[in-house]
Amino acid sequence: MAEITFEKTFERLLEEKKYSTIKDVLITMNPSDVAEIFEDVDEELLPLLFRLLPKELAAETFVEMDPDQQEILVTGFSDKELHEVVDELFVDDVADLVEEMPANVVKRILAQADPNMRREINEILKYPENSAGSLMTTEYVDLNPNMTCGEAIARIREVGVDKETIYTCYVTDSRRLQGTVTVRELLTSKDEVKVEDLMETNLISVNTLDDQEDVARMFSKYNFLALPVVDSDMRMVGIVTFDDAMDVIEEETTEDMEIMGGIIPSDKTYLKQSVFDVFKHRIPWLFLLMISATFTGIIITKFESALAAQVALTAFIPMLMDTGGNSGSQASVTVIRAISLDEVEFSELPMVIWKEIRIAVLCGCALAIACFCKIMLVDRMAMNNPDITLAVAAVVCTTMAITVVVAKVIGCSLPMLAKKLNFDPAVMASPFITTMVDAISLLVYFTIASALLF
């Protein structure tokens, strides 16, 4: 209720053009919340409202806005305004902005950046997309091991205002990373103590070419606020901060969910995509799954004579296919999650298969027993269907148990094989596995039926 009230109040202030009051409200808010408010503002009013913000808040809000709104603002900025915003941004944020913007906008942004920032931006942009190098910022505090604590604190005061984080400082000698030291350790030690006597030398760092998803996972494992990024010669080139790692985790999780749902990932949010954009991202998978489902049609056509002889078998096809697909999806989602958390490796595939087989046997037996009771009590007795015999029930229940085992083995194996072949394991999720298991469950069903009934 409070949120609705605020939105209505803000709309009324806009209608009444009380920009002074709006400014007083905005300057008390978090940049993320301001950016969220700006999402619902008309394009014509956006530059006006943005100009109400103080420089620092404006820069922080700009970073949180979506690329479309950023482009509107950059296009409408004078050179002076653009320079003020760019000057307040951290290098990694400007690099991200440059990657999102069209060429003519990028040219204006770089023209308003000072030479040092341009050089650092170009340094970041040369690294492969989705690597630690493309994610890092070059704005960190470096200290010499021979400095005293007093000298180190003086340097932090001198350069810290322009750095992304100052809590952890990096001790380097000729740019080679030697250790880390926290501001707390510097402040609580005597001024004459050397930095090398305080620094932590048991280093955990990442390489510029490491995958950004692996880097983000390290934050979860080690609970760091920042990770140093080094080149192949252990020369320090930047740091990855916690907030950027969280953005990567969100992006990767969203991408995996879209792939698992049979959708080509998109950089835009749902409401920002046009109907045609959503169509383009969904239709390729639907075409692929439709074509692959042709195999189930071929199998049914091949066994038409068997179905004609025992029509009762037809009623159980949807149940068997759905159970097989759901069983395979359970296994695949579990294994994909384990892979993303580095809980399983390809070398452990036999262990995973053996575990899923035992799980599948328990699930299959429980489902088969329940299915038998359902067939005999509901389909035969309650519905008074004489075609439902013990033999038909035996065929259905046996197929049920075997299908669950096969589905779970396929569901756990394919994601691990995909990972081994450097494909995204999420591709081998629900839609793909369900289609494959549907065909296999029908083959098993008709094979058992042919052996026991005909």
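## Pocket, cores and loop residues in a predicted model

The second largest pocket holds about 490 Å³ of space. The structure is a predicted model. The lining of this pocket is made up of 21 residues, and those closest to the pocket centre are Glu213, Arg217, Arg337, Ser340 and Leu341. Two or more lining residues come from each of the elements α15, α16 and α20 (317–340). Helix α15 contributes the most, with 8 residues. By residue class, the lining divides into 10 nonpolar, 3 polar and 8 charged residues.

**Aromatic pairs**

Two of the helices that line this pocket, α15 and α16, also take part in an aromatic contact, between Phe219 and Phe242. Across the whole structure, a search finds 7 aromatic pairs. In the pair formed by Phe219 and Phe242, the ring centres are 6.2 Å apart and the planes stand at 70 degrees, so the arrangement is edge-to-face. The cut-offs behind this are a centre distance within 6.5 Å for a pair and a plane angle over 60 degrees for edge-to-face. Phe219 belongs to helix α15 (residues 212–222) and Phe242 to helix α16 (residues 242–260), so the pair ties together parts that are 23 residues apart in sequence.

How does burial compare for the two rings' residues? Phe219 is buried, at a relative accessible area of 1%, whereas Phe242 is partly exposed, at 37% relative accessibility. Elsewhere, Phe50, Phe62 and Phe77 form one aromatic cluster.

**Nonpolar cores**

Which residues touch the most other members of the largest nonpolar core? They are Leu26, Phe38, Phe50, Phe62 and Ile109, in a core of 41 residues. Phe50 and Phe62 thus appear both here and in the aromatic cluster. Helix α8 (residues 91–100) supplies the largest share of this core, 5 residues. In soluble globular proteins, nonpolar side chains tend to be buried together.

The surroundings of Phe38 can be listed in detail. Neighbours within four places in sequence aside, Phe38 is in contact with Leu26, Leu46, Leu49, Phe50, Leu53, Thr61, Met65 and Gln69. Two of these contacts, Leu26 and Phe50, are also named among the core residues that touch the most other members. A second, separate core has 27 residues, including Met321, Ala393, Met400 and Ile448.

**Residues in loops and in helix α22**

The table gives the location and relative accessible area of several individual residues.

| Residue | Location | Relative accessible area |
|---|---|---|
| Phe90 | loop between α7 (79–88) and α8 | 26%, partly exposed |
| Ser174 | loop between β2 (168–173) and β3 (176–182) | 63%, exposed |
| Arg175 | loop between β2 and β3 | 46%, partly exposed |
| Thr188 | loop between α13 (183–187) and α14 (195–198) | 66%, exposed |
| Asn384 | loop between α21 (349–382) and α22 (390–420) | 63%, exposed |
| Ser413 | helix α22 | 10%, buried |

Two of these residues have an unusual backbone entry. Arg175 has a positive phi of about 70 degrees although it is not a glycine. Asn384, also not a glycine, has a positive phi of about 50 degrees.

Distances place some of the loops relative to other parts of the chain. Ser174 is 62 residues from Met236 in sequence, and their C-alpha atoms are 9.5 Å apart in space. For Thr188 and Cys149, the separation is 39 residues along the chain and 9.3 Å between C-alpha atoms. Phe90 and Arg175 are 85 residues apart along the chain, with 21 Å between their C-alpha atoms.

Contacts are available for two of the residues in the table. Leaving out neighbours within four places in sequence, Phe90 is in contact with Glu139, Asp162, Lys163 and Glu164. Ser413, in helix α22, touches Leu349 and Ile353, again not counting residues up to four places away in sequence. Leu349 and Ile353 fall within the range 349–382 of helix α21. Ser413 counts as buried because its 10% relative accessibility is under the 20% limit.

Note on methods:
Residues numbered from 1 in each chain as written. Predicted model: local features only at pLDDT ≥ 70, side-chain atom pairs only at ≥ 80, totals over all residues. Heavy atoms only, no water. Phe/Tyr/Trp six-rings, centres within 6.5 Å; stacked < 30°, edge-to-face > 60°. Helix = DSSP H or I, 4+ residues; strand = E, 2+ residues; numbered from the N terminus. Buried < 20%, exposed > 50% of the residue type's maximum accessible area, 1.4 Å probe, protein only. Core = buried A, V, L, I, M, F, W, Y, C linked by side-chain atoms within 4.5 Å. Contact = heavy atoms within 4.5 Å. 1 Å grid on protein atoms, 1.4 Å probe; cavity = no way out; pocket = protein on both sides within 12 Å on 5 of 7 lines; lining within 4 Å. Points joined across faces, edges and corners; volume = space filled by probe spheres on them. Nonpolar A, V, L, I, M, F, W, Y, C, P; charged D, E, K, R; others polar.
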